[in-house]
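Student: I've got a structure open and want to know how its labels are earned. Can we go through them together?
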Amino acid sequence: KPVLAWHRWLGTSVAVGSLITSLLRSQVRIEIPGSLWLYRAALGSLALLVGITGHLGALLVYGLDYFSS
């Protein structure tokens, strides 16, 4: 069950983070100083979260002992 809870909350975080990142993208167009760096950091963090969340989803589907079998 802890894997399901982590998967759920990380998935929710990705959704919220995506909305925030899209708002940051609109700030990059306006050329606010430092916004490009912040946008790229948020985008990289989201990519990492998507990977971790996908891995946890795979563990839910295939089982926790999938790699050892």
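Tutor: Sure, patches to begin with. A patch takes residues with over 30% relative accessible area and no salt bridge, and nonpolar side chains are joined within 5 Å. Keep in mind that this is a predicted model.

Student: Which residues make the nonpolar surface patch here?

Tutor: Leu4, Leu60, Val61, Tyr62, Tyr66 and Phe67 make it, and the patch covers about 670 Å². Helix α2 gives the most, with three residues.

Student: Why is Leu4 called partly exposed?

Tutor: Leu4, in helix α1 (residues 2-30), has 38% relative accessibility. Partly exposed is the range between under 20% for buried and over 50% for exposed, so Leu4 counts as partly exposed.

Student: And what makes Leu19 buried or exposed?

Tutor: Leu19 also belongs to α1. Its relative accessible area is 57% and the exposed label needs over 50%, so Leu19 is exposed.

Student: How do you know what span to expect for α2?

Tutor: Take 1.5 Å times one less than the number of residues. Helix α2 (residues 35-62) has 28 residues and reaches 40 Å from first C-alpha to last, close to the 40 Å expected. Just after α2, Gly63 takes a positive phi of about 100°.

Student: What makes the charged end of Arg25 count as sitting over the ring of Tyr39?

Tutor: The charged end of Arg25 is 5.8 Å from the ring centre of Tyr39. The distance cut-off is within 6 Å, and the charge must also lie within 35 degrees of the ring normal; Arg25 is listed as sitting over the ring. Tyr39 is also one of the buried residues of α2.

Note on methods. Residues are numbered from 1 along each chain as its sequence is written. This is a predicted model: local features need pLDDT of at least 70, side-chain atom pairs count only at pLDDT 80 or more; totals for chains, interfaces and linings use all residues. Side-chain values use heavy atoms; hydrogens and water are left out. Helices (H or I, at least four residues) and strands (E, at least two) are DSSP runs, numbered from the N terminus. Buried means under 20% relative accessible area, exposed over 50%, partly exposed in between (1.4 Å probe, protein chains only). Patches are made of residues with over 30% relative accessible area and no salt bridge: like charges are joined within 9 Å, nonpolar side chains (Val, Leu, Ile, Met, Phe, Trp, Tyr) within 5 Å. Accessible areas come from the Shrake-Rupley method with a 1.4 Å probe; for residues, only the protein chains shown count as cover. A salt bridge is a side-chain nitrogen of Lys or Arg within 4 Å of a carboxyl oxygen of Asp or Glu.
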